[in-house]
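This report goes through one protein chain, from overall dimensions down to single residues. Please keep the sequence and the 3D view open while reading.

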Amino acid sequence: MQHSKINWKFRQQLQPGFFLLTALLFIDLSFLIYQCSKIEQTIVCSLFGLYFIYLLLKKYSALKNVLALFLILAAVSVTLNRPHPTFSLTSSSSIELYPDQISLKDNWLTGVGKVKGTPVLVTATITDMQKKQLERGYQVVLTELNGEVKKIDQATNYGQFDLRKYYLGKNVTQQVNLKSCHIKTRVVGIINYLHYLRFCLQSYFKKMPQLLCFFSSELILGENPSQANQSILDNYRDLGVIHILSISGLHVGIYTILISTICCYFKLTEFETFACCVPLLLGGIFFSNYQAGFIRASLSYFLSQMLKFHRFPIAKLDLLGLTCLIHLLIDPRLMMQAGALLSYVLSLGLAITDKLPNFKQSLLLNIFLVPLLLFFFFQLNLLTVIFNLLIVPYFNYIILPLTFINLLTFNLVPSMGAAFEKILMLGEQQIGSLSASKIGLLTFGKINWWQCLLLISLTVILLADQNEPYFNRSQRKWLFQSIGWLYLILFLMIHFPLTGQVTFIDVGQGDSILITTPFPRRAYLIDTGGKLNFSKQKVQPQINKITLPFLKAQGISRLNGIFVTHKDTDHIGDLGPLMSQIPVERLYFAQGLMANPSFKKRIEKHIKLNQLVQLLAGQEIKEPQIKFNIVYPFKPGQGENKDCLSIFFKVANKSWLFTGDLDQEGEQKLMAKYNLQANYFKLGHHGSKTSSNPDFLHKLAPEIVFISAGRNNRFGHPHVETIATLKKLGIPWVSTQDCGMISWTYSKFTKPKFNRFLK
């Protein structure tokens, strides 16, 4: 009786909006604790938090005890999820791993394991025998560890995906690199057996044709089984329909409808049907590796059904708020994951616009997601709504049925799987053609955090007004125009900058320098970087992770020119992949390089003959706002270090010299011919002792020199002899090893300045 009174009293006190507002407060606190790295971010988050608390105490004063309880639970959750202490490897150290949570490539292992309960990122070299142990699918324990512990690598370039931040969202802060280890297998325990089942699913999917394997893995396990499928993901992303591949509310809906239909056939009650759905969804959460979208949709289903059974009415927005609250209590770092943030923002938009017609709702939802897309991915497709109308039916009525039918029949009727693969191949070819056309795709550029927040806030007001109008016509028009003008202003600021730059992109052991001019912007690259691939397997080029995101973040969708210094892979290894993805007006290189078969093969499919410009010393490339002077080589060569294309130019009354990997003999010839002086110089051959010559540096008299070299590179660049020479001459130097990306920016209105990505 007492419980009934309390329950009734709570229902009377509970007003619509409490759970939603409390969830917004908790999201704000999550950002404040885990993501605010600047003082202005802290101030904004604090102000929002105080405002949410004021509203909660003002509107829901009778529920202050409930709010206090949630805050206490949040404090406990944050305490339990505090960063794990650092550790070092000892003779007794061991790492526990589940084979379904690792990836194997040749004899290289990567995955997340645990050291005494502390999650760590593990990379290890393993033997063929150890690989067979892992392929059994049961938990393994790594002992007799020989390796090192370090922080997870962070992003070192603007726009680059930050691996350290990604794993920090999972409370993984350390990486263990093992040269060797001993592996023991464990075959006991319920959790171990569940992971074994997931591993068996992975193995089963790998036996299928490529597309069926890909869709099965994405829709059941929430993972891409192979890098060979990256182009499929890129196609869906460029068309703005990547969300349909995510494990989310769609899948929860399919599972619950399927179970409900079966239960209805057997005349089970609603509660019994719910009891059947619970273990299926819990299993789905585990097999999807705890995908945030699947957890959100499952939690929402659990809560809505339980509240329904207790006859506790709740609004859609409050249900979403309660779901988010519980999810944050389970994982307080949740909003550090871009996928989780997008999932909840999309769900909020769906709840706000649930009364609108389908097309209008879809249009407004896409507008709602635009700020986050620009913040995380820097581009959007203006025709996303149309592509959704075309591709979602294909996904719902072809991909889903074929994938799930194949799951049940693949071992029984393999020929059916082959037929399904051909159907899917036809569909993916059409999607690939649409994506390749780039129709509707806009490289907008990266907006910063406060611009994203402002746009989301204004769009929420716009969506809410569309659902339940409270503005008059002129106010609504003003709001819509304000959002449009804000996007236009941001676009113009990014695409028509008042500043130019010379930026040393951190491509590791290699060279790549971006040069841009102020409005009207022109963009040029000196070399592209690249990595030697000793594996027989196809790997994604470096530019996909570093250079292209950097260019997109700045709104650069084409290059006016690329200068190739010489033929080495660390300078032009990514030239072909780059030109296949971004238009290039001119390709400049030294005479003689076209005779090199490997260079010719790199470029022949990507550029026309009339776009190729062969150069020798004494020639000039006159471009708007900048003139490139070619100072080396003096005669055609083979594209070797001694024949490096060397470039001299001036911007903002400062002179720059780039000589690629030119050796000391070449430097002496260059100086004898031109007797140059340069304010800034990129040190030859990544700081190798073979260059630069002390006499050359003395005559050049640079204010500062730059070294582009990889961290812990096997060549030992920059060499100690070179650093000693710089110290002796009193020449300051900076390296991408220490600073990451290094940018020098200039304009007519401000003094030039240097920025280092790593502070």
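The text below covers the whole chain, then two helices, then three single residues.

**Overall picture**

The model is predicted. The protein contains 27 helices and 23 strands. Its C-alpha atoms fill a box of roughly 100 × 70 × 55 Å along the principal axes. For 759 residues, a compact globule would have a radius of gyration near 27 Å, and the 29 Å of the protein agrees with that.

Of the 759 residues, 50% are buried. Among contacts with a separation of 6 or more, 69% join residues that are 24 or more positions apart. The protein exposes about 37,600 Å², and carbon and sulfur atoms supply 61% of this area. As for charge, there are 75 positive and 44 negative side chains, and the centres of the two sets lie 6 Å apart.

**Helices α11 and α13**

What should helix α11 span at 1.5 Å a residue, and how far apart are its end C-alpha atoms? Helix α11 runs over residues 270-287, and its 18 residues should span 26 Å; the end C-alpha atoms are 26 Å apart, so the two values agree. The corresponding check on helix α13, residues 316-330, gives an expected span of 21 Å for 15 residues, in agreement with end C-alpha atoms that are 21 Å apart.

| Helix | Residues | Expected span | End C-alpha distance |
|---|---|---|---|
| α11 | 270-287 | 26 Å | 26 Å |
| α13 | 316-330 | 21 Å | 21 Å |

In α11 the buried residues are T273, F274, C277, L281, G284, I285, F286 and F287. These buried residues pack against α7 (190-206), α8 (210-221), α10 (249-265) and α12. After α11 comes N289, which has a positive phi near 60 degrees.

In α13 the buried residues are D318, L319, L320, G321, L322, T323, C324, L325, H327 and L328. They pack against α2 (18-34), α4 (64-80), α12 (292-309) and α14 (338-352). Helix α12 is thus a packing partner of the buried residues of α11 and of the buried residues of α13.

**Three single residues**

Is L80 buried or exposed? L80 belongs to helix α4. Its relative accessible area is 64%, and because that is over 50% the residue counts as exposed. L80 and V460 are 380 residues apart in sequence, with 33 Å between their C-alpha atoms.

L372 sits in helix α15, residues 358-376. Its relative accessible area is 3%, which is under the 20% cut-off, so L372 is buried. Leaving aside residues up to four places away in sequence, L372 touches L341, L342, V345, F377, C452 and I456. The C-alpha atom of L372 is separated by 29 Å from that of V120, 252 residues away along the chain.

Which residues does T516 touch, not counting those up to four places away in sequence? T516 lies in strand β10, residues 513-516, and touches G500, Q501, R521, R522, A523, I556 and Y746. At 1% relative accessibility, T516 counts as buried, because the value is under 20%.

To recapitulate the burial states, T516 is buried, L372 is buried, and L80 is exposed.

Methods: Residues numbered from 1 in each chain as written. Predicted model: local features only at pLDDT ≥ 70, side-chain atom pairs only at ≥ 80, totals over all residues. Heavy atoms only, no water. Helix = DSSP H or I, 4+ residues; strand = E, 2+ residues; numbered from the N terminus. Expected span 1.5 Å × (residues − 1). Buried < 20%, exposed > 50% of the residue type's maximum accessible area, 1.4 Å probe, protein only. Contact = heavy atoms within 4.5 Å. Rg over C-alpha atoms; globule rule 2.2 N^0.38 Å. Areas by Shrake-Rupley, 256 points an atom, 1.4 Å probe, with all protein chains shown as cover. Lys, Arg positive; Asp, Glu negative; His and termini not counted. Charge placed at Lys NZ, Arg CZ, Asp CG, Glu CD.
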